[in-house]
Amino acid sequence: MINVRFGFKTDIGAYRSSNQDNFDFATNNYNNHLAIVCDGMGGHQHGEVASKIAVEEMINYFHNVNFNAMSDEEINQWFRNTILVIQNEMINYAKIHPDTSDMGTTVVAALLANQKVYIINIGDSRLYKLHNHKIYQITTDQNMENSVEYRERQELEFQGQYKKQYNVHTFWKVLTSALGPTKTLKIDTYVVEDIAGTYLLTTDGIHDYVDDTDLVDVLSSSNKLNDKVKILIDRALENLSTDNLTGLIFEID
């Protein structure tokens with residue numbers, strides 16, 4: 001049996017009028033565990049609605065499934081099918097509430113079953129793993145920086161095209177995928193087989209404002225898990241984080 005401990009904290013931050021992040025963790029009757037963090041898109045209306053729907057619905061579907069007899073491919077397919085069902089629910093919600101049609105959210109989730117960790121990612125929230133005092137970013141941000149070929153990126157920078165609408169930093173952070181009624185959706189999945197270690201799910205309000213040294217320092221400390229997240233949030237705020245901040249840690253012996 002996998003022994004798992006969870007810790008978490010969320011903070012509205014210093015610049016936002018509301019917290020559009022949502023998160024949860026759950027254990028079902030089959031001793032499977034699910035951690036999920038979603039960052040409602042702050043530049044769009046009703047990001048908090050999108051993140052709330054994504055979290056609540058994925059937890060709801062998770063509770064009813066026994067993953068213990070499923071293959072890696074079947075679990076990844078369950079993730080994909082669940083996301084598509086949630087996307088359809090968002091579409092139906094937006095038909096009733098047209099002002100939410102542009103809502104969107106990131107999704108990063110980790111499912112523990114069969115002595116493995118199955119991970120799904122949409123957008124630029126992240127999952128890290130600390131192992132032997134080294135930090136590994138498991139997910140890859142789905143943004144312009146990671147979607148444009150290097151040569152094309154150089155040409156864009158040379159031509160200054162990003163300056164028409166964005167500065168250098170914000171242009172490359174523009175999402176190429178999100179979950180919402182009208183969003184372009186790309187689903188990335190990962191499987192971790194050597195599962196022992198400490199895992200951190202974060203929204204960009206944290207990970208854009210702390211470095212790997214901070215992550216290793218805090219996650220390796222002897223603090224309680226909730227306190228570790230609070231320390232990361234405090235450091236991000238000290239570094240002038242402009243977003244909501246959410247972190248969820250789980251440890252596997």
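In this predicted model, four charged residues, R5, K228, E251 and D253, are joined up in a network of salt bridges. That network is part of a wider set, as a search through the whole structure turns up 16 salt bridges. The general idea behind such pairs is simple: side chains of opposite charge can pair when their charged atoms come close. A few of these pairs are picked up again below, after a look at the overall layout.

The protein is built from eight helices and ten strands. Of its 253 residues, 50% count as buried. Among contacts with a separation of 6 or more, 74% are between residues 24 or more positions apart.

What sits in the middle of things is best seen from the nonpolar residues. The largest nonpolar core holds 31 residues, and M58, F67 and F79 are the ones with the most contacts inside it. Several elements chip in: β3 (33-39), α1 (47-63), α2 (72-96), β4 (107-113) and β5 (116-122) each give at least two residues to this core. Helix α1 makes the largest contribution, with eight residues. M58 shows how the parts come together. Setting aside residues up to four places away in sequence, M58 touches L34, I36, W78, F79, T82, I83, I86 and A109. A second core, separate from the one just described, has 19 residues, among them I2, V4, L127 and F250. Both cores fit a broad pattern, as nonpolar side chains in soluble globular proteins tend to be buried together.

Back to the charged pairs, starting inside a single helix. E56 makes a salt bridge with K52, and the closest N and O atoms are 2.9 Å apart. Both residues belong to helix α1, where they are four residues apart, or about one turn of the helix. Neither end of this pair is buried: E56 is partly exposed, at a relative accessible area of 43%, and K52 also counts as partly exposed, at 44%.

Another pair reaches between elements. K116 forms a salt bridge with D72, with 3.0 Å between the closest N and O atoms. K116 is in strand β5 and D72 is in helix α2, so this salt bridge ties together parts that are 44 residues apart in sequence.

A third pair links two helices. D214 and R235 form a salt bridge whose closest N and O atoms are 2.8 Å apart. Since D214 is in helix α7 (residues 212-219) and R235 is in helix α8 (residues 225-238), the pair ties together parts that are 21 residues apart in sequence. The two partners are not alike in burial: D214 is buried, with a relative accessible area of 17%, while R235, at 22%, counts as partly exposed.

The two helices deserve a look of their own. The axes of α7 and α8 come within 9 Å and cross at roughly 155°. An angle over 145 degrees counts as roughly antiparallel, and α7 and α8 are therefore roughly antiparallel to each other. Their crossing is right-handed. On the α7 side, D214, L215, D217, V218 and L219 meet K228, I231, L232 and R235 of α8. K228 turns up here as well as in the salt-bridge network with R5, E251 and D253, and D214 and R235 are the salt-bridged pair just described.

Some loop residues also stand out. D124 is found in the loop between β5 and β6, yet D124 is buried, with a relative accessible area of 5%. Leaving out neighbours within four places in sequence, D124 contacts T106, D141, K173, L175, D204 and H207.

Two other loop residues catch the eye for their backbone. Q115 lies in the loop between β4 and β5, and its phi is near 60°, a positive value in a residue other than glycine. Q115 is partly exposed, with a relative accessible area of 48%. H133 has a phi near 60° too, again a positive value in a residue other than glycine. This residue lies in the loop between β6 (126-131) and β7 (134-137). H133 is exposed, with a relative accessible area of 60%.

Note on methods: Residues numbered from 1 in each chain as written. Predicted model: local features only at pLDDT ≥ 70, side-chain atom pairs only at ≥ 80, totals over all residues. Heavy atoms only, no water. Core = buried A, V, L, I, M, F, W, Y, C linked by side-chain atoms within 4.5 Å. Buried < 20%, exposed > 50% of the residue type's maximum accessible area, 1.4 Å probe, protein only. Contact = heavy atoms within 4.5 Å. Salt bridge = Lys/Arg side-chain N within 4 Å of Asp/Glu carboxyl O. Axes fitted to C-alpha atoms, helices over the stretch in contact; angles between N-to-C directions. Parallel < 35°, antiparallel > 145°, perpendicular 65-115°, else oblique. Left-handed = near helix turned anticlockwise from the far one by under 90°.
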